[in-house]
Structures are given as structure tokens and as C-alpha cells.
Amino acid sequence: MAGKNYSHQLDAKNRMRIPAKLREELGAGYSITVGSGGCLYVYSAEQMKEVKASLNKVNAYRESQLKAARFILYNTWEAEEDKQGRILLPENLRKYAKIEKNLIVFKGPNCVEIWSEEVWDKYFEDVDYDQLADAMDILNGNV
């Protein structure tokens, strides 16, 4: 079920919890990587396998494809939960997503997303409803 979001905070050691319901959906061995819009994507092991398979198809002579694949792979972190169910958010991912303290964990359309609360709020400041309607028309085949 997409659309549910949870507010959380990083602790003093830059750890956070993925909500239990979302952890259940992710299963064991999930990974965190860079996402679009300034968020982080959290993929189950199966989803990450699919992402890596698609990255294996890059044309090694297309620098933009290669750069994107390298960036994603370099910034992928296999999450390891401690006994309290917390995971460390590494510095490179915190920096990319501008996460300092407050964050939003969101069940997005394709995966779990982690957002800085400030980036999340800014992302939705200026929604263009005509663009939103156009995007929905495309998704629904009404173009």
C-alpha cells in the first residue's frame, strides 16, 4: 500500500528506524541508495537485484549512463539493523538527501523513500495541478 508516511529523527549517532510495517515489507537484507527529488530509496533485496540487473545493461561507451550507474552503485548501502532495529545512515547518503535531524519515511509508489523533512516540505510547496493532471492522464493512457 503506497502513500503512508512516518516522521522520525536521527539519533546522536546518525541512526534511525524504518517503521516495523515497512521493515516487514522490505524483508531481510534491504539496501539504501540515492533517489530522485533529493530523497533516498530503500529497496528490498529482490528490488535491489532488479536495479543492479538494469545497471548491468548500461552502454560502457555512453558516459551519462556509466556515470549514473557508478553514482548509484557507489552510493548504495546495505542496511544492517542493530538489536533495537536501528540502521546507520552513512554520511554520503545523509549529505545527498540533506538529512540533519528530522526525516520522513514514505511508502512511495516503487519503494520506501527517506526524505529530509525540510526537503520533503519544499518538494510539495509549488505543486502545478495541470502538470499533475497531465501526468495522471499519461499513466491512465488518456493521452
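**Sheet, aromatic pairs and a nonpolar patch**

K98 sits in the loop that runs between α4 (91-97) and β7 (102-107). In this predicted model, the phi of K98 is near 55°, a positive value in a residue other than glycine. That is worth a second look, since most residues other than glycine have a negative phi. K98 counts as exposed because its relative accessibility is 58%. N14 does something along the same lines: its phi is positive, about 60°, although N14 is not a glycine. This residue, too, belongs to a loop, here the one between β1 and β2 (15-17). With a relative accessibility of 23%, N14 counts as partly exposed.

The loop holding K98 leads on to β7, and β7 is a good way into the sheet. Six strands make up an open sheet in the order β1-β7-β8-β4-β3-β5, and the pairing is antiparallel. The edges are taken by β1 (5-9) and β5 (77-78); each has a single partner strand, so one side of each is left without a neighbour in the sheet. Strands of a sheet pair through backbone hydrogen bonds, either parallel or antiparallel.

On one side, β7 pairs with β1 in the antiparallel sense over five bridges, and S7 has I104 of β7 as its bridge partner. The pairing of β7 with β8 is likewise antiparallel and also runs over five bridges, with L103 opposite S116 of β8. A hairpin of four residues makes the connection from β7 to β8. How covered is β7? Mostly: five of its six residues are buried. Further along the strand order, β8 (residues 112-116) meets β4 (residues 40-43), again antiparallel, over three bridges. In this pairing, L40 stands opposite I114 in β8.

Next come the aromatic side chains. The structure holds seven aromatic pairs. In one of them, Y41 and Y43 have ring centres 5.8 Å apart and planes at 65°, so the pair is edge-to-face. Both Y41 and Y43 are buried. The rings of W115 and W120 tell a similar story: their centres are 5.5 Å apart and their planes stand at 75°, so this pair is edge-to-face as well. W115 and W120 are both buried. Ring pairs also tie W115 and W120 into a cluster with F106, Y123 and F124.

What about the outside? Y123 and F124, members of that ring cluster, turn up again in a nonpolar surface patch of about 750 Å². The other residues of the patch are V127, Y129, L132, M136 and L139. Which element gives the largest share of the patch? Helix α6 (residues 129-139) does, with four residues. L132 is a residue of this helix, and at 42% relative accessibility L132 counts as partly exposed.

How values were computed:
Residues are numbered from 1 along each chain as its sequence is written. This is a predicted model: local features need pLDDT of at least 70, side-chain atom pairs count only at pLDDT 80 or more; totals for chains, interfaces and linings use all residues. Side-chain values use heavy atoms; hydrogens and water are left out. Patches are made of residues with over 30% relative accessible area and no salt bridge: like charges are joined within 9 Å, nonpolar side chains (Val, Leu, Ile, Met, Phe, Trp, Tyr) within 5 Å. Accessible areas come from the Shrake-Rupley method with a 1.4 Å probe; for residues, only the protein chains shown count as cover. A salt bridge is a side-chain nitrogen of Lys or Arg within 4 Å of a carboxyl oxygen of Asp or Glu. Helices (H or I, at least four residues) and strands (E, at least two) are DSSP runs, numbered from the N terminus. Buried means under 20% relative accessible area, exposed over 50%, partly exposed in between (1.4 Å probe, protein chains only). Rings of Phe, Tyr and Trp (its six-membered ring) pair if their centres lie within 6.5 Å; planes under 30 degrees apart count as stacked, over 60 as edge-to-face and the rest as tilted. Two strands pair if DSSP finds at least two bridges between them.
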